[in-house]
Amino acid sequence: MSTHSSPEEQYLSHRVQSMQESQTMRITGLAKKMKAEGKDIVSLSAGEPDFPTPDFVSEAAIQAIREGFTRYTPNSGIPELKEAVIGKLKRDNKLEYRPEEIIISTGGKQTLINTMFALCDEGDEVIIPAPYWVSFPEMARLAGATPVTVATTIDTGFKMTPDQLEAAVTPKTKILVLNSPSNPSGAVYSEQEVKALMKVLEGRDIFVISDEMYDRIVYGGVEPYSPARIPEMRDRVIVSNGVSKTYSMTGWRIGYLAGPQWIIKACDKIQSQTTSNPNSIAQKAAVAALNGDQQVVEDRRLEFEKRRDFMYKALNEIPGVSAALPDGAFYIFPSVQGVLGREFGGRVLSNSTDVAEYLLVEHHVATVPGDAFGAPENLRLSYAASIAELEEAVRRIRQAFS
């Protein structure tokens, strides 16, 4: 008897078949569906601020529409926005770049995948510390490379050590992905820690993608340090950032990349054959965001800090749950190891996916399982929600595990 493979197995590329669906999008979608059905869902799953886009940013977009700024722009972004990015990198990150070392893309995801496509060939390896943002390994796979994950623990503050990096490097290593502040853990590498990691890469033809998307959302006087500030690494570091998180502009889809001119030129070539220029109106809005009054950024950072402090204290009071204090971003990444293997509501919770589904279906709290981030004993909770919502979420989680 002959066996027939499914159309997916028969026709889809091996690259697509090797990829996983984004767990964050899946859980967020399920939560939205339950909400639409009239269920009272408290969602701590979305990776976006709950604040609106600042008014002066929206006004700049409206003005762009009124002025008819709705046609194609240069493929790599308008000169005005590149200059705004250069100003931001100098002001906030102490980095110096020229316009030809900058490309504007359709969100941070596109800057990252453009870089992977530009640098990776089949057989190359991409080192990714875990817990990692869900898309890093999948992007490496899509570019034909092999993701090499390096597990970190709460004891090291969810940060990779130089010894771990040294052990992970092979002759096939092409890229190290460094995400600081981190999604999902909120970990921030200090200047000393970044320099120690870069020391490992000295004299090796290994590139660094430094994802700095949350660089303005940090707490307790912590300052992120970009590896691009190290003169010896300047030609091998590609800095990725955007306006999504800092300015509550997730839907506007503007990301940017800064790096060696030849890499930026390659990303420009890829972008020219995929999406072309990013949205013209959103580019004008991004100029206003980067050049405008930054007090709104500080006000919102202070509000996030209050929420972080509340969540850290409240979660650590729940039996079976333990959380580290995050230094940046707006996520907390508690371990739920203390409830794994136990039975709640007639079901044994074996891993974080079980825990996340139990909390959503039975107690109407949306979280994201740590499995998606390479940490199966943890959950990612976003505190981009009001204190009232956070209090209610914690009350339900406490009840769920009582």
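1. Cavities to start with. In this predicted model, there are four cavities of 30 Å³ or more. The largest cavity comes out at a volume of about 120 Å³, and the second largest at about 60 Å³.

2. What surrounds the largest cavity? Its lining is made up of 15 residues, and Pro129, Pro131, Asn179, Ser182 and Tyr189 are the ones nearest its centre. Two elements, E3 and E5, each give two or more residues to that lining. By class, you'll find 12 nonpolar residues and three polar ones there, with no charged residues.

3. Have a look at Pro131 while you're in that spot. Besides being among the lining residues nearest the centre of the largest cavity, Pro131 follows a cis peptide bond: the link from Ala130 to Pro131 has an omega near 5°. Pro131 sits in the loop that runs between strand E3 (125-130) and helix H7 (135-142).

4. There's another cis bond to check, between Ser180 and Pro181, where omega is about -5°. Pro181 belongs to the loop between strand E5 (173-179) and helix H9 (191-201). As a reminder, most peptide bonds are trans, which is reason enough to look at both spots in the viewer.

5. On to the second largest cavity. Which residues line it? The list is Pro49, Phe51, Ile217, Lys245, Thr246, Ser248, Val297, Arg300, Arg301 and Phe304. That lining divides into five nonpolar, two polar and three charged residues. For the largest cavity, by contrast, the charged count is none.

6. Ser248, one of the residues lining the second largest cavity, also has a backbone quirk: its phi is positive, about 55°, although Ser248 is not a glycine. You'll find Ser248 in the loop between strand E7 (237-242) and strand E8 (255-258). Is Ser248 buried or exposed? Its relative accessibility is 8%, so Ser248 counts as buried, the cut-off being under 20%.

7. His364 is the other residue to flag for its backbone. His364 has a positive phi of about 60° and, again, is not a glycine. His364 lies in the loop between helix H13 (352-363) and strand E12 (365-366). With a relative accessible area of 22%, His364 is partly exposed. For context, most residues other than glycine have a negative phi.

Definitions and conventions. Residues are numbered from 1 along each chain as its sequence is written. This is a predicted model: local features need pLDDT of at least 70, side-chain atom pairs count only at pLDDT 80 or more; totals for chains, interfaces and linings use all residues. Side-chain values use heavy atoms; hydrogens and water are left out. Helices (H or I, at least four residues) and strands (E, at least two) are DSSP runs, numbered from the N terminus. Buried means under 20% relative accessible area, exposed over 50%, partly exposed in between (1.4 Å probe, protein chains only). On a 1 Å grid over the protein atoms alone, a cavity is a set of points where a 1.4 Å probe fits but cannot get out, and a pocket is an open set with protein on both sides within 12 Å along at least five of seven lines; lining residues have an atom within 4 Å of a point. Grid points are joined across faces, edges and corners, and a volume is the space filled by probe spheres set on the points. Ala, Val, Leu, Ile, Met, Phe, Trp, Tyr, Cys and Pro count as nonpolar, Asp, Glu, Lys and Arg as charged, and the others, Gly among them, as polar.
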